[in-house]
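Dear colleague, here are my notes on the model you sent, set out as numbered points. Please read them with the sequence and the structure side by side.

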Amino acid sequence: MTAPSTTTAAVRPATAAERAERAEANGGEPTLEFAQRTPYDAYVHASTLHTLQQTLSKDPGEMSFLMISQVMELYFGLVRFELRETQRLLAEDDVYGALAPLRRTALHLDGLNAAWNALHWMTPADFNRFRNLLGEGSGFQSAMYRHLEFLLGLKTASLIRPFQRQDEVYHDLLATLHGTSVWDDVIALLARQGFDIPADLLARDFATEHEAHPAVEAAWVRIYGDESPDNHLRLLGEALTDVAERFDDWRYKHLKAVARTMGAKVGSGGSNGYAWLQRSLSRTVFPELWSARTAM
């Protein structure tokens, strides 16, 4: 048995009966006295979270920029968690079970997309008031976002190089790079379900980006041809499509946010900024799910 985490160990479990007893003792009012810190803080660690906004300037707009960046990082980690859960269920051939984490993923991506709205106020002049203090710091260097790209099948081995001196982060990314993506797991699932998937697709180098294959496209055309309510593969295709679409929305909103705040200036991380993001946006997540629609 694994040891309890510091989070769960700090929170005292309570039964429904105990909660009812407490409510009766309080006369319906909330509990206001605790022996130590509040159970909420013990679980959420809010007092720690609110110490992590360490701005580099006195410009009040920087707080929005920093905090929204941190919110996005938390969402990146949450989406990675859901995609890992999806992979676990797909490996067990639990197609119906995999729908739940994928649907949650789509909702989390909605949250990520909404976060961009909090930066709509930022003009180039607003950003320039603190941009130089960021040095070479750039969202391009987000390790957690890179996990998302790799899990969604957008593999580029060179993009883990910035993390070589962060040993744990680097090796975690290396494992994700060389591991299967969600789409690789879906293709393997289709093969186990009896679809004609070439063996070389199942034993390829997973550190390279998947190239669209007509056999995978043909499998999805067949799947979508069966509109019976118990066709869980069709439901899987739609759940995956929702995730891909919302991830594309996030990439597009990122592109527009850059255009709005810095135009075509060189990026802080050394890229050509807007043009680099445009090229990145052209890469398709779950490509045969989209191309198959032409043949349906």
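1. A salt bridge is taken here as a side-chain nitrogen of Lys or Arg within 4 Å of a carboxyl oxygen of Asp or Glu. On that basis Arg 146 forms a salt bridge with Glu 149, with the closest N and O atoms 2.7 Å apart. This is a predicted model, and the distances and areas below should be read accordingly. The two residues are 3 apart in helix 8 (residues 143-151), and are therefore separated by about one helical turn. Arg 146 is buried, with a relative accessible area of 2%, and Glu 149 also counts as buried, at 2% relative accessibility.

2. As for the overall architecture, the protein chain has 15 helices and 0 strands, and its C-alpha atoms fill a box of roughly 65 × 55 × 35 Å along the principal axes. Of its 296 residues, 38% count as buried, while the accessible surface comes to about 16,700 Å², with 56% of this belonging to carbon and sulfur atoms. Among contacts between residues at least 6 apart in sequence, 71% join residues at least 24 apart.

3. The structure holds 15 salt bridges, and some of them deserve a look beyond the pair in helix 8. Asp 93 forms a salt bridge with Arg 192, the closest N and O atoms being 2.8 Å apart. Because Asp 93 lies in the loop between helix 5 and helix 6 and Arg 192 in helix 10, this pair ties together parts that are 99 residues apart in sequence. Asp 93 counts as partly exposed at 36% relative accessibility, as does Arg 192 at 44%.

4. The side chains of Asp 184 and Arg 204 also meet in a salt bridge, at 2.9 Å from N to O. Asp 184 is in helix 10 and Arg 204 in the loop between helix 11 (199-202) and helix 12, so the pair ties together parts that are 20 residues apart in sequence. Asp 184 counts as buried at 6% relative accessibility, and Arg 204 is buried with a relative accessible area of 17%. In addition, salt bridges that share partners join Asp 59, Asp 126 and Arg 129 into one network.

5. Turning to the rings, the count comes to 11 aromatic pairs. The ring centres of Trp 116 and Trp 250 are 5.5 Å apart and the planes lie at 40°, so this pair is tilted. Trp 116 sits in the loop between helix 6 (95-115) and helix 7 (124-131), and Trp 250 in helix 13 (residues 232-262), 134 residues apart. Both Trp 116 and Trp 250 are buried, and ring pairs link them with Phe 76, Tyr 145 and Phe 247 into a cluster.

6. For Trp 183 and Trp 220, the ring centres are 6.1 Å apart and the planes are at 15°, so the pair is stacked. Trp 183 belongs to helix 10 (residues 182-192) and Trp 220 to helix 12 (residues 214-225), 37 residues apart. Trp 183 is buried at a relative accessible area of 2%, and Trp 220 is buried at 0%.

7. On the surface, Tyr 40, Tyr 43, Val 44, Leu 49, Leu 52 and Leu 74 make a nonpolar patch of about 610 Å². Helix 3 (residues 39-44) gives the largest share of the patch, 3 residues. Leu 74, by contrast, lies in helix 5 (residues 61-91) and is exposed, with a relative accessible area of 57%.

Key. Residues numbered from 1 in each chain as written. Predicted model: local features only at pLDDT ≥ 70, side-chain atom pairs only at ≥ 80, totals over all residues. Heavy atoms only, no water. Phe/Tyr/Trp six-rings, centres within 6.5 Å; stacked < 30°, edge-to-face > 60°. Helix = DSSP H or I, 4+ residues; strand = E, 2+ residues; numbered from the N terminus. Buried < 20%, exposed > 50% of the residue type's maximum accessible area, 1.4 Å probe, protein only. Patch = residues over 30% accessible without salt bridge, like charges linked within 9 Å, V, L, I, M, F, W, Y side chains within 5 Å. Areas by Shrake-Rupley, 256 points an atom, 1.4 Å probe, with all protein chains shown as cover. Contact = heavy atoms within 4.5 Å.
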